[in-house]
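Dear colleague,

Please find below the sequence and the structure that I am handing over to you. My findings follow directly after them.

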Amino acid sequence: MNILTFETNEELNQNGASIIASLVQTKPHAVLGLATGSTPIGIYQELIRLCGKGYVSFKQVTSYNLDEYVGLPADHSETYRTFMNKQLFDHIDIDKANTHVPNGNAADLQAESKRYDQMLFDASIDLQLLGLGHNGHIGFNEPDRHLQSGTHVVTLKEETRQANKRFFNSIDEVPTQAITMGVGSILKAKMIMLVVRGADKADIVHRALTGPITTDIPASLLQTHPNVVVLLDKEAAKHFHE
Ligand code: F6R
C-alpha cells in the first residue's frame, strides 16, 4: 500500500487528479469507480481544469458510482446523481449515457442491485476512488458483523446520517437507506485510490490501514488489496508520523 501525505489540499488534489488523468490518457476507455461526499470535490475540480485545458478527455470513459440514497426524489439537490452532474459530469466531456449511479428509486431495489452488479461485473473497474466514513465505512458499507460482497440496500447508521445532515435542512430529511456497491465489488477494482482529509479522520484511517482487518472497520479490508494508493492531508496523516 502506497500512503502519500500532502502539505496542502492543492497538492493533494493535483496528485489525485493526475493519477486519474494519467490512467485516462493511457487508457481512453478506462472504467472509473467514483465517489461523492466532500472528499473528492477538489480532485473533481482539478479534473475539470485539466479537461478544460485539453490535457485529458473523458469522451470514451465509463463511470460507476459507489452509492445512492434510497427514496430521494430524482430532482432532489442531494441525490448522488445530482451531485455527480453538478460537481463533475456537467463540466467535462464525458458522455452522460456512460455514467452510472445506482437507482435509489427503483420499484424493486433487489433487482436494481442485481442489475448494477451485472454491469460492474461486465465492466471491470480500472480505478476506484473512495472516501472514508468516520466509522470506517467505504461506499455505504457500514461496520457490522457481516459485510456483503455485492451491491445491496443498507440501513444507514445514525452516525452516518448525522455526518451527512450538513447537506440537508434537517436530520429528518436525511434518508435512512441507501443502495451501495458491496466490498467485493470495491475490492475487484484493479486499483483503489483512498482519499482522506481532516484531523477528525486521523484515528479511523490509521486504525483501518494499520490495525487488524475487521468488519467493524470496513475500510480495513483494503489491506487485502494489492494496489491501493492512499492520499492523506497532513491532518489526517498525523498518526502515521508518530
Ligand atoms: C460517498 C461514499 C461515502 C463517503 C464517506 C466520506 O459516495 O460512499 O463512503 O466517501 O462518507 O464522506 P465525506 O467525503 O463527505 O467526508
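**Annotated residues and the ligand site**

Asp67 belongs to strand S4, which spans residues 67-69. Please note that the structure is a predicted model. Asp67 has a relative accessible area of 4% and is therefore classed as buried, the limit for that class being under 20%. Setting aside residues up to four places away in sequence, Asp67 touches Thr36, Tyr80, Val101, Pro102, Gly139, Phe140, Ile179 and Thr180.

Asp67 also carries an annotation. An unreviewed UniProt entry places the feature "active site" at Asp67, Asn135, His137 and Glu142. Of these residues, Asp67, Asn135 and His137 are included in the lining of the largest pocket.

Asn135 is located in the loop that runs between strand S6 (127-130) and strand S7 (152-155). Its relative accessibility is 11%, so Asn135 counts as buried. Apart from neighbours within four places in sequence, the contacts of Asn135 are Glu142, Pro143, Lys157, Glu159, Thr160, Ile204, Asp216 and Pro218. Glu142, which is in contact with Asn135, is itself among the positions that UniProt gives for the "active site".

The ligand is surrounded by 14 residues, of which the closest are Thr39, Asp67, His137, Gly139 and Lys201. Two of these closest residues, Asp67 and His137, also appear in the UniProt "active site" feature. Three polar approaches to the ligand may be of use to you:

- Asp67: an N or O atom of the side chain is 2.5 Å from an oxygen atom of the ligand.
- Lys201: a polar side-chain atom is 2.7 Å from an oxygen atom of the ligand.
- Arg166: an N or O atom of the side chain is 2.9 Å from an oxygen atom of the ligand.

Taken alone, the ligand exposes 410 Å², and the protein buries 94% of that area.

**The annotated domain**

The unreviewed UniProt entry also assigns residues 11-226 to "domain: Glucosamine/galactosamine-6-phosphate isomerase". Over residues 11-226, the chain is 33% helix and 14% strand. The C-alpha atoms at the two ends of that range are 25 Å apart.

**Strand S2 and the loop before S6**

How accessible is Gly33, a residue of strand S2 (residues 31-34)? Gly33 is buried, because its relative accessible area is 0%. Beyond residues up to four places away in sequence, Gly33 touches Tyr64, Ile125, Leu127, Gln128 and Leu129. Gly33 and Asp172 are separated by 139 residues in sequence and by 30 Å in space, taken from C-alpha to C-alpha.

Asp126 sits in the loop between helix H4 (109-123) and S6. With a relative accessible area of 7%, Asp126 is buried. Its side chain nevertheless has a polar partner: a contact of 2.7 Å joins the side chains of Asp126 and Lys27. Lys27 is also one of the residues listed in contact with Asp126, together with Leu23, Ala30, Val31, Lys190 and Met191, when neighbours within four places in sequence are left aside.

Ser124 is placed in the loop between H4 and S6 as well. Is Ser124 buried or partly exposed? Ser124 counts as partly exposed, because its relative accessibility is 28%. The backbone of Ser124 deserves a look, as phi is near 65 degrees, a positive value in a residue other than glycine.

**Two further partly exposed residues**

Thr5 is part of strand S1 (residues 2-6) and is partly exposed, at 32% relative accessibility. Although Thr5 and Lys238 are 233 residues apart in sequence, their C-alpha atoms are 9.3 Å apart in space. With neighbours within four places in sequence left aside, the residues in contact with Thr5 are Leu232, Asp233, Lys234, Ala237 and His241.

Asn98 lies in the loop between helix H3 (80-87) and strand S5 (99-100). Its relative accessible area is 25%, so Asn98 is partly exposed; that class begins where the buried class, under 20%, ends. Asn98 touches Lys59, Val61, Thr62 and Ser63, residues up to four places away in sequence not being counted. For Asn98 and Ser63, the separation is 35 residues in sequence and 6.4 Å in space, C-alpha to C-alpha.

With kind regards

Methods:
Residues are numbered from 1 along each chain as its sequence is written. This is a predicted model: local features need pLDDT of at least 70, side-chain atom pairs count only at pLDDT 80 or more; totals for chains, interfaces and linings use all residues. Side-chain values use heavy atoms; hydrogens and water are left out. UniProt positions are given in the numbering used here, feature names are shortened, and annotations may be inferred rather than shown by experiment. On a 1 Å grid over the protein atoms alone, a cavity is a set of points where a 1.4 Å probe fits but cannot get out, and a pocket is an open set with protein on both sides within 12 Å along at least five of seven lines; lining residues have an atom within 4 Å of a point. Helices (H or I, at least four residues) and strands (E, at least two) are DSSP runs, numbered from the N terminus. Buried means under 20% relative accessible area, exposed over 50%, partly exposed in between (1.4 Å probe, protein chains only). Contact means heavy atoms within 4.5 Å. A residue is near a molecule or strand if one of its heavy atoms lies within 4 Å of it. A polar contact is a pair of N or O atoms within 3.5 Å; within protein, one must be able to donate a hydrogen and the other to accept it, and residues adjacent in sequence count only if both atoms are side-chain atoms. Accessible areas come from the Shrake-Rupley method with a 1.4 Å probe; for residues, only the protein chains shown count as cover.
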